[in-house]
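Let's take a walk through this one together, starting with charged pairs and ending at the ligand. Keep the viewer open and follow along.

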Amino acid sequence: MTVVEGKAWHQLTENELASALGTDAKGGLSPEEAARRLRDRGPNELSERQGESPIKLFINQFKDFMVLVLAGATVISGLLGEMLDALTIIAIIVLNGVLGFFQEYRAEKSLKALKELSAPSAKTIRGGSMVVVPAKELVPGDLVLLESGDRVPADLRLIESNQCTIEEAALTGESVPVVKTAAPIDSPELPLGDRKNCGYLGTMVTRGTAKGIVVMTGMGTEMGKIAGLIQQTEEAETPLQRRLEQLGKILIVLALALTVVVVLAGVLHGQPVYGMFLAGVSLAVAAIPEGLPAIVTIALALGVQRMIKRRAIVRKLPSVETLGCASVICSDKTGTLTQNKMTVTRLWVGGRRLDVTGEGYEPIGQFLANGRAVEAKSDAGLRRLTQIAALCNNAELAQDERGEDARKKKTAKESEAAASSGWNVKGDPTEGALLVLAGKSGASRPSLEALYPRVKEFPFDAERKRMSVLVSHQGGKLICTKGAPDLLVDRCAYVLWEGNVVPFTGTLKTKVLQANEAMAQDALRVLGFAYRDVRSHESCESEDQAENGLIFVGLAGMIDPPRREVFDAIVKCRQAGIKTVMITGDHRTTAEAIARELGILPKGGRVLSGADLSAMDDGELDKLADDVYVYARVSPEHKLRIVQSLQRKGHVVAMTGDGVNDAPAVKAADIGIAMGITGTDVTKEASSLVLADDNFASIVAAVEEGRGIYENIRKFIRYLLASNVGEILVMFFAMLLAMPLPLVPIQILWVNLVTDGLPAMALGVDQAESDLMRQKPRSAKENIFARRLGWKIISRGVLIGLCTLAAFVLTLGGLKGEGAQLVHAQSVAFATLVLAQLIHVFDCRSSRSIFHRRFFENKFLVLAVLSSLLLLLAVLYVEPLQPVFKTVPLTLRDWALVFVAAGIPTFLMGIGSVWGSSRRRRRTTNRISYGSSGGNRARPIAR
Ligand code: ATP
């Protein structure tokens with residue numbers, strides 16, 4: 001630990017600390033000074049283990065065993081005098097390597113970019129105002145604000161702590177959170193865990209709020225000192241990638257076995273040993289789908305990029321696959337289903353209802369009782385309520401230049417529009433709405449805080465559902481509390497009724513709760529307000545001591561309109577067989593009203609409250625879970641039970657969360673989703689998906705993309721494997737029939753390079769089929785070859801192989817041939833194989849038939865196929881290339897044969913699919929009964 005005048009950081013007073021670090025303990029560093037320090041000190045980052053360098057990545061492309069064998073065989077053929085062959089094969093190997101390199105490099109780069117997107121940020125005060133900066137831009141001297149759920153962004157010396165506890169297990173191994181203090185500790189040698197006034201990079205704030213000054217950044221921090229030990233490797237491979245890797249191994253063995261058979265059969269039938277060896281190795285290289293893992297990664301990475309455009313940031317790649325299987329989405333209400341733009345529209349004070357006028361954040365409006373204006377100054381209850389609203393508040397209400405300019409606008413309409421949009425809120429929107437309310441009564445937080453300076457805060461937490469501040473006033477002290485009314489009433493002993501403080505009798509309590517219920521029925525989010533004087537000798541150390549014997553003042557109801565796009569998203573979910581469940585801390589009636597408005601709660605759908613949940617055991621919950629659409633007034637720990645119950649019922653659950661206590665549920669969900677704007681660092685770290693805009697519609701977009709990505713992976717697996725089966729079979733059949741080789745080694749390698757490269761990649765970015773979101777979610781256990789994919793691969797592969805062989809035999813005029821006639825027949829077979837694959841690639845776009853999709857929709861695919869065709873024509877017609885690829889130009893008659901032979905597989909299978917699917921459809925309509933309790937079932941999939 002750095003020492004200033006013989007003292008350690010934890011021993012210094014606030015002033016000593018500020019002067020030692022050249023900063024201001026109130027206003028922080030100036031932005032210019034912070035920028036200068038950042039240049040001098042470098043970023044606040046732990047140096048990461050380097051990923052694979054591009055050169056290494058390139059070299060890796062040639063490490064494949066079969067590629068090495070091919071290279072060896074080529075060198076031998078070069079030495080034996082087949083120089084041209086050898087050079088061409090080497091060129092193809094290098095080109096293949098370059099393609100593989102670009103695929104992998106691109107995949108790695110996009111993964112890295114993704115990681116940066118979810119980099120942490122920090123709340124800091126610079127030049128007197130609060131700004132959120134990327135954590136890596138923090139410098140020593142920066143003033144940092146912490147709140148529950150934050151990861152501490154650098155090593156800090158705390159100068160303020162409000163009930164702040166930090167969990168330092170990552171550093172000290174101690175999992176019990178440490179209660180933090182701000183005062184200097186006068187003991188020079190202290191172990192890390194005992195430096196209670198310090199916060200360390202990478203540790204986690206579990207409760208309360210704090211303010212600290214950065215003393216150390218990056219590798220200089222305590223975490224930096226042990227960085228090498230703790231660098232974790234995030235799981236980067238998806239289950240599908242792992243399964244494909246295993247499949248790849250099986251395919252290698254299969255391809256090798258078939259190759260051996262081909263070579264042996266060829267040799268037994270009198271083919272030259274060396275020629276057969278080279279053909280065998282080429283065939284093995286072509287048949288092994290070495291490009292598969294890279295293309296899967298690219299499809300995933302590109303899909304993830306598309307998701308970012310739709311405001312969903314993937315943190316863990318495996319979740320992309322799981323997204324397509326989601327059968328339930330559990331969503332928070334506030335901010336995700338609703339806009340989180342609150343406006344107080346109604347009050348209930350001392351037994352009277354008041355309506356509040358005005359719109360947006362502009363603090364201008366009136367209080368109306370039965371249509372007659374009420375003056376806040378002359379109404380004790382109203383004055384008290386707005387006072388508490390402003391004092392028990394951490395938000396800021398400010399007007400930017402736009403708003404001030406608006407005053408100068410000509411027309412009233414112009415002015416009004418600009419003025420209201422010129423007001424904005426920093427901090428919690430609920431509290432922002434309360435500042436606007438206070439503003440309408442003529443009160444503001446800064447002016448009130450000058451009269452009632454804050455002594456202490458008991459921060460809001462989702463468990464207590466309230467917040468309190470202790471303020472001093474004219475020598476005395478006052479507790480001001482606001483929170484969920486149904487819980488707050490239990491902490492009150494008196495009520496401000498018609499201007500007088502009277503005991504809070506049962507009858508009055510019932511009246512308050514009825515008023516609360518009435519507001520909730522109108523979908524209002526309701527907060528209650530209370531206060532009391534603190535006796536001089538009384539201790540207010542804990543919330544329990546402070547929030548007791550309060551005087552209840554009144555209620556404020558605020559609207560929070562639903563997000564418009566959510567209506568459609570919920571319909572989309574229903575069509576896609578995904579159930580939407582609302583989980584909220586808000587009041588049951590409010591939640592129910594909003595859920596009905598949004599279409600989440602169907603007729604007969606149930607609403608459960610946190611209290612109901614607490615009274616149930618897991619078995620009882622499991623019985624109800626499928627019928628419950630709304631969980632209200634829940635605490636974060638209930639969320640975990642809900643996730644687990646749904647999972648026990650066989651659902652794949654997506655669950656949103658923001659607060660620190662949501663993290664366990666988010667982690668336990670199959671797809672944990674954190675809020676990008678309001679979410680805490682801890683929840684984000686536990687999540688696999690972060691919503692950049694906190695919007696429910698973005699979850700649905702991500703599910704849609706997830707489904708599309710999975711289908712695209714299936715498309716190119718189908719394409720690659722069917723092509724490979726075709727390649728192997730044409731050689732295999734020829735050797736079994738004691739025929740000459742239908743393709744020479746270079747042609748096989750060429751086919752592998754040209755058809756497997758670009759067209760396969762283009763399939764990876766194919767558009768989704770139009771009914772993608774009208775199908776049921778896929779089962780998480782589904783095999784990649786399910787839904788007849790395996791059959792499609794084998795049937796297309798066999799047909800491609802047979803048709804190519806047929807074209808070869810027809811041109812050869814029999815089963816034997818040599819010289820010019822053989823070269824001609826090989827050229828026809830080569831063109832047929834290539835064309836059959838290029839036609840088949842369009843077939844792969846649809847799970848039904850080639851006729852089902854618009855042909856030119858995927859421009860990349862059209863371009864890829866055109867370029868492959870051009871290369872085919874070049875190999876056939878450019879004279880210098882003919883001896884290299886052992887080809888001759890084809891005649892029109894040849895082309896007619898090529899087209900017919902190449903088109904047959906797709907044509908036959910297309911007709912078969914159309915016929916098969918109409919038969920299946922007939923059968924399904926006869927057998928499947930539609931609908932269920934919530935109408936929440938998708939239509940059966942016709943394939
Ligand atoms: P969701 O879980 O859908 O985001 P929510 O935002 O309504 O719902 P919480 O933020 O946990 O859930 O709020 C629960 C209740 O706590 C609210 O209904 C309100 O009465 C009270 N509350 C919310 N914010 C504050 C606050 N800043 N201070 C005091 N009480 C609050």
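Is Lys7 buried or exposed, or does its relative accessible area put it in between? Bear in mind that we're looking at a predicted model. Lys7 comes out at a relative accessible area of 29%, and because the partly exposed class runs from 20% to 50%, Lys7 counts as partly exposed. Its salt-bridge partner is Glu16, with the closest N and O atoms 3.2 Å apart. Glu16 is partly exposed too, at 30% relative accessible area.

That pair is one entry in a longer list: searching the whole structure turns up 51 salt bridges. Hop over to Asp355 and you'll find its side chain meeting that of Arg353, at 3.0 Å from N to O. Asp355 has a relative accessibility of 26%, which makes it partly exposed, and Arg353, at 45%, is also partly exposed.

Now for a buried case. The side chains of Glu857 and Arg845 form a salt bridge, at 2.9 Å from N to O. Glu857 and Arg845 are 12 residues apart, and each sits in the loop between α32 (819-843) and α33 (859-877). Arg845 has just 1% relative accessibility, and since anything under 20% is called buried, Arg845 falls in that class.

Some salt bridges join up into something bigger than a pair. Try selecting Arg207, Asp461, Arg464, Arg466, Glu543 and Glu547: a network of salt bridges links these residues.

On to the ligand. What surrounds it? The shell holds 19 residues, and the closest are Lys333, Thr334, Arg525, Thr584 and Asp586. If you sort the shell by character, you get six nonpolar, four polar and nine charged residues.

A few polar atoms are worth picking out by hand. A polar side-chain atom of Arg525 sits 2.3 Å from a ligand oxygen. Lys333 takes part through its backbone instead, with a polar backbone atom 2.6 Å from an oxygen of the ligand. Gly585 also brings a backbone N or O atom, at 3.2 Å from a ligand oxygen. As for cover, the ligand on its own would expose 610 Å², and the protein buries 91% of that.

So where does the shell come from? Two elements, β20 (476-483) and β23 (525-534), each give two or more residues, and β23 gives the most, with three. In terms of domains, at least three shell residues come from domain 4 (312-338 + 563-694), and at least three from domain 5 (343-559).

How values were computed:
Residues numbered from 1 in each chain as written. Predicted model: local features only at pLDDT ≥ 70, side-chain atom pairs only at ≥ 80, totals over all residues. Heavy atoms only, no water. Near = heavy atom within 4 Å. Polar contact = N/O pair within 3.5 Å; in protein donor to acceptor, adjacent residues only side chain to side chain. Areas by Shrake-Rupley, 256 points an atom, 1.4 Å probe, with all protein chains shown as cover. Helix = DSSP H or I, 4+ residues; strand = E, 2+ residues; numbered from the N terminus. Nonpolar A, V, L, I, M, F, W, Y, C, P; charged D, E, K, R; others polar. Domains from an automatic or database assignment. Salt bridge = Lys/Arg side-chain N within 4 Å of Asp/Glu carboxyl O. Buried < 20%, exposed > 50% of the residue type's maximum accessible area, 1.4 Å probe, protein only.
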